[in-house]
Every structure is written in structure tokens, then in C-alpha cells.
Amino acid sequence: MASKTLIIGCGYVGLPLALRLVEQGHEVSGWVHSAASAGLLAGHHLRRVIAGSVADGEMWDAVNENVDLVIHCASSGRGGIGAYEEVFLQGVLMMNARQPNARRFFVSSTSVYGQTQGEVVTEGSPGDPATETGRILREAEKAALASGATVVRSSGIYGPNRGVLFEKFRRGEAVIEGDGTRWINQIHQRDLVSALAHLVESGAPGEIYNATDDTPVTYHDFYAWCSEFLRQPMPPYGPVNTQRKRGLTNKRVSNAKLRATGWQPMYPSFREGIAHDYEINQS
């Protein structure tokens with residue numbers, strides 16, 4: 001059903017989602033953090049573009065209209081604890097307070113799962129992150145769920161012009177940390193967009209859904225595939241980086257609940273997604 005929609009964070013994921021919803025007949029407004037980002041949205045047939053902090057009550061006063069659907073898929077802009085607090089926790093609290101009658105979605109991260117033993121984790125697994133940024137995300141999730149919003153936990157996003165591990169390998173900068181058996185969970189940008197669009201139609205309020213592909217992979221196996229695909233040597237082994245902002249975890253994230261709603265990924269594993277994007281870039 002077409003609706004008046006507000007997308008908070010109209011960037012790498014939010015913009016293609018906005019364009020998809022526009023094609024379906026939604027009236028979509030996009031919210032970005034800066035005037036520069038707002039300029040990038042010109043010509044995309046959005047109903048309205050808002051630029052400013054999602055935690056700013058005066059910005060919400062300027063919005064000054066009720067919408068049918070709000071999707072919070074903003075990023076922290078690689079910021080630290082302060083940015084997480086502003087964008088995620090305060091942003092969700094503002095979304096809840098200012099649009100209480102809208103259907104609301106909050107895109108979180110599978111980094112809230114703190115498991116370290118390679119376990120398979122589902123939406124029912126404990127979300128007990130060890131880092132401060134992870135705890136802020138979890139608090140934002142709790143606020144969203146308590147208000148009846150739907151929470152979507154995305155694994156690591158890759159896609160066109162974005163693929164940190166693959167690009168490090170191409171540049172010869174990759175390192176296999178430890179023994180290489182730690183698990184990586186990923187989702188292609190297009191699949192996350194399709195999952196969100198699908199959940200707009202089929203998702204349940206107050207529920208959590210993991211958005212990830214079908215195939216977790218170890219670091220060793222990821223780089224072994226890259227080595228064969230690009231015909232480059234395997235990277236060296238090195239120490240484990242324990243200073244990651246979102247923590248050092250080791251788990252296999254299940255997408256069974258999301259798939260049970262009728263969604264399926266275009267790229268079941270990183271292999272199909274990276275190969276497709278690489279071939280497009282080389283053509």
C-alpha cells in the first residue's frame with residue numbers, strides 16, 4: 001500500500017530504498033545529516049529533503065507533519081560513542097516521540113550479538129554486546145521495540161563501491177587474523193534494500209529480523225576464494241585486531257526468520273555478490 005514515508009539516513013542503503021518505494025507509489029522524504037548530503041539527493045524525485053541532526057527537536061519541529069511510515073537506516077558516519085548516542089539512541093527516541101502513529105523500522109546491527117565461540121545466533125539469542133557502541137545500539141533497539149517498531153539487524157554491508165575486505169585483498173593489504181577461523185557475516189546492499197522493502201509489506205511490529213545472506217564464511221575461506229578469483233597469492237597471517245569499534249565477536253548469524261516471511265537474497269553468498277559487482281566494474 002502506498003504511503004507517506006520518511007527515510008532517516010538516505011544514503012548507501014536509504015537512497016536505493018527510497019527510489020524503490022517511490023517506484024511503488026510511496027511519497028518519500030529523505031533525511032540526511034548535512035547540506036552536502038542533501039545536495040546529492042537532487043533529481044531523485046523525493047517529496048522532500050531534510051538536512052540536520054535526527055536528535056534535534058527543532059529539526060523535527062520543522063518536519064511538522066505526520067507520516068505513515070518511518071525507516072531509520074542512518075549510519076554513525078564512522079563516528080564514535082557520541083555519534084552513536086546522537087544518531088541511534090536519541091534518533092530512535094525522537095522518531096518514537098514525534099511519529100508515534102507511524103509504522104516504524106530501525107535498522108540496527110548484528111554486532112549486538114556478543115557471542116565468541118562460533119555459535120549460530122538467531123533473533124532469540126542473547127544480545128549482550130561487550131562494547132559501548134554495541135550497548136548504545138542495544139538500548140536504541142529496546143526503545144524501538146518497546147514502542148512497537150520493527151528492528152532489522154543487518155550484518156556487514158558490501159556492494160558497489162563498498163567492500164572493505166575485498167578491496168584490502170586487491171591492494172595487497174589484507175591480513176588473515178589469528179588462525180583464520182573467525183566467522184564473517186555479510187549482506188549485499190541490494191539484498192538489504194530488498195529485505196527492508198519486503199518487511200515494509202510483511203514484517204511484524206515489535207519483532208526483530210536478522211538481515212544477512214545465507215552463507216557465513218571464515219576469514220581463511222573468504223580470502224581463499226578471493227585468491228582464486230583474482231589469481232593473487234593468499235595474504236599473510238597476523239595478530240588479531242582487538243580494537244574494533246563494534247567488538248571482536250565470532251558467530252554465524254541465521255536469516256531463517258526473515259526467509260520464513262518469503263524473502264530470499266539475490267546473492268546467497270559473498271561469492272555471487274562480489275563476482276557480479278567486480279564484473280560490472282571491469283566492463
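Begin by selecting Glu65, which is buried because its relative accessible area is 19%, where buried means under 20% relative accessible area, exposed over 50% and partly exposed in between, with a 1.4 Å probe and protein chains only. Before going further, note that this is a predicted model, in which local features need pLDDT of at least 70 and side-chain atom pairs count only at pLDDT 80 or more, while totals for chains, interfaces and linings use all residues. Residues are numbered from 1 along each chain as its sequence is written, and side-chain values use heavy atoms, with hydrogens and water left out.

**Around Glu65**

With Glu65 still selected, follow the backbone on either side: the residue sits in the loop that runs between helix 3 (57-63) and strand 4, helices (H or I, at least four residues) and strands (E, at least two) being DSSP runs numbered from the N terminus. Now show Lys4, Arg47, Arg48 and Gln99, which Glu65 touches when residues up to four places away in sequence are not counted; contact here means heavy atoms within 4.5 Å.

**The whole chain**

Zoom out next and colour by secondary structure, where you should find 10 helices and 15 strands. Along its principal axes, the C-alpha trace spans about 55 × 45 × 35 Å. For 283 residues, a compact globule would have a radius of gyration near 19 Å, and the chain agrees with this because its own value is 19 Å; the radius is taken over C-alpha atoms, and the globule rule is 2.2 Å times the number of residues to the power 0.38.

If you colour by burial, 52% of the 283 residues count as buried. The accessible surface comes to about 12900 Å², and 50% of it belongs to carbon and sulfur atoms. Among the contacts with a separation of 6 or more, 76% are between residues 24 or more positions apart.

**Strand 1 and its surroundings**

Select Ile8, a residue of strand 1 (residues 4-8), which is buried because its relative accessible area is 1%. Leaving aside neighbours within four places in sequence, Ile8 is in contact with Trp31, Val54, Trp60, Val70, Ile71, His72, Cys73 and Ala74. To check one of these pairs, draw a distance from Ile8 to Ile71: their C-alpha atoms are separated by 6.1 Å, although the two residues are 63 residues apart along the chain.

Move to Ile7, whose contacts, not counting residues up to four places away in sequence, include Leu17, Ala18, Leu21, Val28, Trp31, Ile71 and Cys73.

**The nonpolar cores**

Which residues touch the most other members of the largest nonpolar core? Select Ile7, Cys10, Leu17, Ile71, Phe105 and Leu196 to see them, within a core of 30 residues; a nonpolar core is a set of buried Ala, Val, Leu, Ile, Met, Phe, Trp, Tyr and Cys residues joined through side-chain atoms within 4.5 Å. The elements that give two or more residues to this core are helix 1 (14-23), strand 2 (27-32), strand 4 (69-72), strand 5 (103-109), helix 7 (189-202) and strand 12 (208-211). Helix 7 provides the largest share, seven residues. Apart from this core lies another, of 29 residues, and you can mark Val63, Ala143, Val151 and Ile208 as being among its members. In soluble globular proteins, nonpolar side chains tend to be buried together.

**A residue of helix 5**

Select Thr133 in helix 5 (residues 132-146), which counts as buried because its relative accessibility is 4%. Thr133 lies 5.8 Å from Ile81, C-alpha to C-alpha, with their positions 52 residues apart in sequence.

**Three loop residues**

Turn now to Thr261, in the loop between helix 9 (256-260) and helix 10 (270-282), which counts as partly exposed because its relative accessibility is 25%. Not counting residues up to four places away in sequence, Thr261 touches His198, Ser202 and Tyr209.

Most residues other than glycine have a negative phi, and most peptide bonds are trans. Select His45, in the loop between helix 2 (35-39) and strand 3 (48-51), where phi is near 60°, a positive value in a residue other than glycine; His45 counts as exposed because its relative accessibility is 71%. Finish at Arg231, in the loop between helix 8 (219-230) and strand 14 (237-238), where phi is near 55° and again positive, and which counts as exposed at 79% relative accessibility.

Notes
Accessible areas come from the Shrake-Rupley method with a 1.4 Å probe; for residues, only the protein chains shown count as cover.
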